[in-house]
Amino acid sequence: MAIWLVVRQVGDNLTLPLMARKCTVQADGRVALDADQMANAATIAAIGAKRGMPERAVVVALATAYQESGLRNLADGDRDSVGLFQQRPSQGWGTPAQIRDPRYAANRFYAALKKVRGWEKMRVTDAAQRVQRSAFPEAYQKWADDSEVLSRALLGDASGAVACTVGRTPVMHGAAAAAQLTRNLVLDWGLKGTDPTDPTGLAVTPGDQRDGWRYAHWLVSHAQDHGVKRVRFGDLEWTARDGSWGRVDGQQSPAGQVVAEVFNEG
């Protein structure tokens, strides 16, 4: 796989929608999340795939984070619990700073789940409970259906399934946005590549169609916090202007690549 970045330097005075920032996921079911929740869900799914965990593990992880934090990276919780999975430093999960890192927290969760004998055949709530040891062991099951929808989309089993509305002012712009976007895509998915000396956009060469939609959906999921303006894969394109995917007639992304563009500085 190859990855390189492009930052568009031409301004186009794009007016962003006034709607509340939100994301919808449709993959044999529908889920609605806000931008923070969507970004966290995308990272949880990516870390699971990067570790080679089966899709069922991603479902369990997402259902656990749904129940424990509402898919939010919380600074506190019950007793000394923090983060997406409300892991406790006093129980050996790591330091508070480590647990507040979504990648670290997800990796620790998957490592613990993998040690549970027979988790693959358990109900979602039973597998989650074996890791979390919650006072409410049945609570995770209610998030199983939503987590399956998210998992199908974020692991590339559906096309154009993640659509997000971006707020009027993206968190990042220009070269800083492009650099951070590349860094986090590499960290979440383990992609290897280099940045060119004259970056003017972002492109990823996937191994196959499924990988392409994994990366495309990840990019849209992180659009608000990384200043993503446009994502294209195949003949489909998502834009911040519309907040949805549409067909680009007669045009394909170059050489089967996933192509993204970030907002410029002005």
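## Helix crossing and sheet

Helix 2 and helix 6 are oblique to each other. This follows from the angle of their axes, because angles under 35 degrees count as roughly parallel, over 145 as roughly antiparallel, 65 to 115 as roughly perpendicular and the rest as oblique. In this predicted model, the axes of helix 2 (residues 55–69) and helix 6 (residues 144–154) cross at roughly 125° and come within 8 Å. The crossing in which helix 2 passes helix 6 is right-handed. On the side of helix 2, the contact is made by E55, R56, V58, V59, L62, A63 and Y66. Helix 6 contributes A144, D146, S147, E148, L150, S151 and R152. Sorted by class, the contact of helix 2 with helix 6 has 7 nonpolar, 5 charged and 2 polar residues.

The model also has an open sheet of 3 strands. Strands of a sheet pair through backbone hydrogen bonds, either parallel or antiparallel. Here the order is 3-2-4 and the pairing is antiparallel. Strand 3 and strand 4 are the edge strands, and each pairs on one side only. From one strand to the next, the twist averages 15°.

| Strand | Residues |
|---|---|
| Strand 2 | residues 22–26 |
| Strand 3 | residues 30–33 |
| Strand 4 | residues 162–165 |

Strand 2 and strand 4 run antiparallel and are joined by 4 bridges. In strand 4, T165 stands opposite K22.

A helix also lies on these strands. Helix 1 (residues 35–50) lies across strand 2, strand 3 and strand 4. Relative to strand 3, helix 1 runs at about 115°.

Methods. Residues numbered from 1 in each chain as written. Predicted model: local features only at pLDDT ≥ 70, side-chain atom pairs only at ≥ 80, totals over all residues. Heavy atoms only, no water. Axes fitted to C-alpha atoms, helices over the stretch in contact; angles between N-to-C directions. Helix = DSSP H or I, 4+ residues; strand = E, 2+ residues; numbered from the N terminus. Left-handed = near helix turned anticlockwise from the far one by under 90°. Contact = heavy atoms within 4.5 Å. Nonpolar A, V, L, I, M, F, W, Y, C, P; charged D, E, K, R; others polar. Pairing = 2+ DSSP bridges.
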